[in-house]
Amino acid sequence: MLFFNPEIPMNDEEFRLLRDLVYQHCGLHFTPDSKYLLERRLGKRLQQHRLKSFKDYYYLLRYNKDRDQELTEVVNALTTNETYFFREDFQLRTFSEEIIPEIRERKERNGDRSLRIWSAGCSSGEEPYTLAMLLLEEPSLRDWKIEIIGTDISQRVLQIARKGLYGASSFRSTKPDYQRRYFSETEGKFRISDRVRDLVSISYLNLFDSARVALLGKMDVVFCRNVIIYFDLAAKRRVIESFYHRLRPEGYLLLGHSESLMNISNAFALRHFTHDMVYQRPSLSECPEGVS
């Protein structure tokens, strides 16, 4: 009879193997100081598979026929997905009061009435749904074609986003009139309305899967807030470069309030708005030769 030990220690070699495997898969970076985090969170997966060591788990992740599904479980276990509607209000005001009017005026001059926004690392959906509500409040966009694409690498949070049903903690920064207009109460929670959902699509995406990222097409605005903090410098540069190529000329990149492109990229211009500073891809005439 096998007696399972629920507190199996992770040795240094196992940490390096698992750390490097996770990094190659999705860019999440763990220093030796965070070994305990992998040990604690992945230890539950050893219990699930009734494995006797972390090296056995490493081999499962490398060679098992269901390795892709298990890597999804690893990402679910290692990522933190704390978020809520209307998070970082000052940045959202910049988006709705200054960035969107600027994009609208520029596009209307060219007869273009479409808007594409990418919420990269959308977690459980509060961010893309917040953006949709803000755009629904803008009368001048009523006949525009608006697409908001929310992506994340965690299937667990994407299930919540697709369901669109939220508890009280998601509304800590939501004005009551927004909650009344765009949600209906059901089963003690609040369901997002169909007119908000209709502007948003939710899908799985690994930011390190360049081929799939390219399939997203061009964007006017990219939100990627509190995501690149989990990456090392090389991974940050790789992800930011992909954002650059997904953005249309003069498109905007909004990062979290503690994140910047210092030492990561000088391809963007830093725009100073009333409530926040935001990165902008240069216009086509300002782009380096050969870059479009």
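How many bridges join strand E2 to E6, and in which direction do the two strands run? I looked this up before anything else and found five bridges between strand E2 (residues 145–152) and E6, with the two running parallel. Strands here (E, at least two residues) and helices (H or I, at least four) are DSSP runs, numbered from the N terminus, and two strands pair if DSSP finds at least two bridges between them.

I note for the record that this is a predicted model, in which local features need pLDDT of at least 70, side-chain atom pairs count only at pLDDT 80 or more, and totals for chains, interfaces and linings use all residues. Residues are numbered from 1 along each chain as its sequence is written, and side-chain values use heavy atoms, with hydrogens and water left out.

**The sheet**

I then followed the strands across the sheet, which is open, has seven strands in the order E6-E2-E1-E7-E8-E10-E9, and shows mixed pairing. At its edges I found strand E6 (200–204) and strand E9 (269–272), each of which pairs on one side only. Neighbouring strands of this sheet are turned by 25 degrees against each other on average, direction ignored; axes are lines fitted to C-alpha atoms, for helices over the stretch in contact, and angles run from 0 to 180 degrees between N-to-C directions. Within the E2 pairing, I saw that Ile149 stands opposite Ser201 in E6.

**Helices across the sheet**

I checked helix H5 (residues 89–109) and found that it lies across strand E1 (114–120), strand E7 (219–224), strand E8 (247–255), E9 and strand E10 (277–280), running at about 175 degrees to E8. Helix H11 (residues 233–246) lies across E1, E7 and E8, and its angle to E8 is about 140 degrees. Contact in these entries means heavy atoms within 4.5 Å.

**Arg116**

I turned to Arg116, which lies in strand E1, and asked whether this residue is buried or exposed. Arg116 counts as buried because its relative accessible area is 15%, where buried means under 20%, exposed over 50% and partly exposed in between (1.4 Å probe, protein chains only). A polar atom of the Arg116 side chain lies 2.8 Å from the backbone oxygen of Leu216, and one lies 2.9 Å from the backbone oxygen of Lys218. Leaving out residues up to four places away in sequence, I listed the residues that Arg116 touches, among them Glu147, Ile149, Asp220 and Arg248.

**Leu131**

My last entry concerns Leu131 in helix H6 (residues 126–136), which is buried, with a relative accessible area of 0%. Not counting residues up to four places away in sequence, Leu131 touches Leu92, Phe95, Ile117, Ile148 and Phe223.

Technical notes
Polar contact = N/O pair within 3.5 Å; in protein donor to acceptor, adjacent residues only side chain to side chain.
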